[in-house]
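Hi there,

Here is the structure I said I would pass on. Have a look at it, and then read on for what turned up in it.

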Amino acid sequence: MAERFDLIVFDWDGTLMDSAGAIVRAIVASCRDLGLPEPSEERARYVIGLGLGDALRHAVPELAESDYPRMIERYRHHYLASDHELTLFPGVVDLLAWLSEQGRMLGVATGKSRLGLNRALGHAGLVARFHSTRCADECFSKPHPAMLEEIMDELGVEPDRTLMVGDTTHDLLMAKNAGVAALAVSFGAHPARALRAEAPLACVDTPAELGRWLRQNV
């Protein structure tokens with residue numbers, strides 16, 4: 001089969017790392033600390049992948065903007081207390097190694113901060129695996145196409161040779177806005193029905209299916 005993509009860009013939380021549940025728990029605990037109504041799990045999961053400001057506006061609409069620093073401090077407290085225990089989804093390390101061996105360039109476009117992504121990459125032992133990464137505190141938040149556009153510009157890859165892999169509608173809409181093909185994974189933050197509504201190339205339901213799809217289609 002002819003090679004279709006030169007660049008594969010992954011979201012991080014809920015796509016490569018099994019961290020969506022930890023993010024939800026940190027959001028809920030932060031609201032509890034501040035005496036705010038706790039968002040439903042569905043609402044908290046929806047904001048995963050967004051930049052922190054956009055995430056707070058949606059997940060905790062009752063929060064005054066002047067209280068954002070307190071909320072962010074509590075969120076980081078709860079998330080960082082256990083982030084060293086988070087693990088990559090099964091097969092991720094081998095899949096990334098295989099893609100590299102096939103000559104594909106790899107990127108990350110994430111709603112995490114630069115500090116947060118660097119910490120996660122260090123814990124996962126993947127600092128050297130990616131050719132380019134972009135974070136929410138460096139670019140417009142998803143679904144704006146800036147993260148993908150900057151990665152493609154840096155690596156000299158055209159949109160029609162780029163694939164975005166993500167677990168949220170924010171990822172799929174970012175890809176659409178950048179003119180990039182998208183692959184959805186439903187084992188992260190957003191449900192399969194919402195992901196399929198954005199018409200990705202495919203929606204895979206397990207990490208094993210993700211590995212098979214990429215090995216057969218890129």
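Two strands count as paired here if DSSP finds at least two bridges between them. Keep in mind as you read that this is a predicted model.

**The sheet**

With that in hand, start with the sheet: it is open and made of six strands, in the order E3-E2-E1-E4-E5-E6, with parallel pairing. The edges are taken by strand E3 (132-134) and strand E6 (203-204); each has a single partner strand, so one side of each has no neighbour in the sheet.

Strand E1 is a good place to zoom in. E1 (residues 7-10) runs parallel to strand E4 (residues 162-166), and four bridges join the two. E1 also pairs in the parallel sense with strand E2 (residues 105-109), again over four bridges. If you want to trace this residue by residue, Leu7 sits opposite Thr162 in E4. Phe10 has a partner in each neighbouring strand: Val108 is its bridge partner in E2, while Val165 stands opposite Phe10 in E4.

Which way do the E1 side chains go? Leu7 and Val9 point one way and Ile8 and Phe10 the other, and all of them are buried.

**The pockets**

Next, the pockets. The largest pocket holds about 650 Å³ of space. It is lined by 30 residues, and the closest to its centre are Leu52, Tyr75, Gly111, Lys112 and Ser113. Four elements give two or more residues to that lining: helix H1 (20-33), helix H3 (52-59), helix H4 (68-80) and helix H6 (114-124). H6 gives the most, with five residues. By residue type, the lining splits into 17 nonpolar, six polar and seven charged.

The second largest pocket has a volume of about 200 Å³. Its lining includes Glu42, Arg43, Tyr46, His58, Thr169 and His190. Helix H2 (41-46) and helix H9 (192-196) are the elements that give two or more residues to it, and H2 has the largest share, with four residues. This lining divides into four nonpolar, three polar and four charged residues.

**The aromatic pairs**

How many aromatic pairs does the structure hold? There are two aromatic pairs. One of them is Tyr75 with Tyr79, which is stacked, at 5.9 Å centre to centre and 10 degrees between the planes. These two tyrosines lie four residues apart in helix H4, so about one helical turn separates them. Anything under 20% relative accessible area is called buried, so Tyr75 counts as buried at 16% relative accessibility, and so does Tyr79 at 8%. You have met Tyr75 already, since it is one of the residues closest to the centre of the largest pocket.

Phe89 and Phe187 also form an aromatic pair, this one edge-to-face, with 4.8 Å centre to centre and 70 degrees between the planes. The pair links distant parts of the chain, as its members are 98 residues apart. Phe89 is in the loop between H4 and helix H5 (92-101), and Phe187 is in the loop between strand E5 (181-185) and H9. Phe89 is buried, with a relative accessible area of 9%, and Phe187 counts as buried too, at 17% relative accessibility.

If you only have a minute, go to Tyr75: it lines the largest pocket and stacks with Tyr79.

Cheers

Definitions and conventions
Residues are numbered from 1 along each chain as its sequence is written. This is a predicted model: local features need pLDDT of at least 70, side-chain atom pairs count only at pLDDT 80 or more; totals for chains, interfaces and linings use all residues. Side-chain values use heavy atoms; hydrogens and water are left out. On a 1 Å grid over the protein atoms alone, a cavity is a set of points where a 1.4 Å probe fits but cannot get out, and a pocket is an open set with protein on both sides within 12 Å along at least five of seven lines; lining residues have an atom within 4 Å of a point. Grid points are joined across faces, edges and corners, and a volume is the space filled by probe spheres set on the points. Ala, Val, Leu, Ile, Met, Phe, Trp, Tyr, Cys and Pro count as nonpolar, Asp, Glu, Lys and Arg as charged, and the others, Gly among them, as polar. Rings of Phe, Tyr and Trp (its six-membered ring) pair if their centres lie within 6.5 Å; planes under 30 degrees apart count as stacked, over 60 as edge-to-face and the rest as tilted. Buried means under 20% relative accessible area, exposed over 50%, partly exposed in between (1.4 Å probe, protein chains only).
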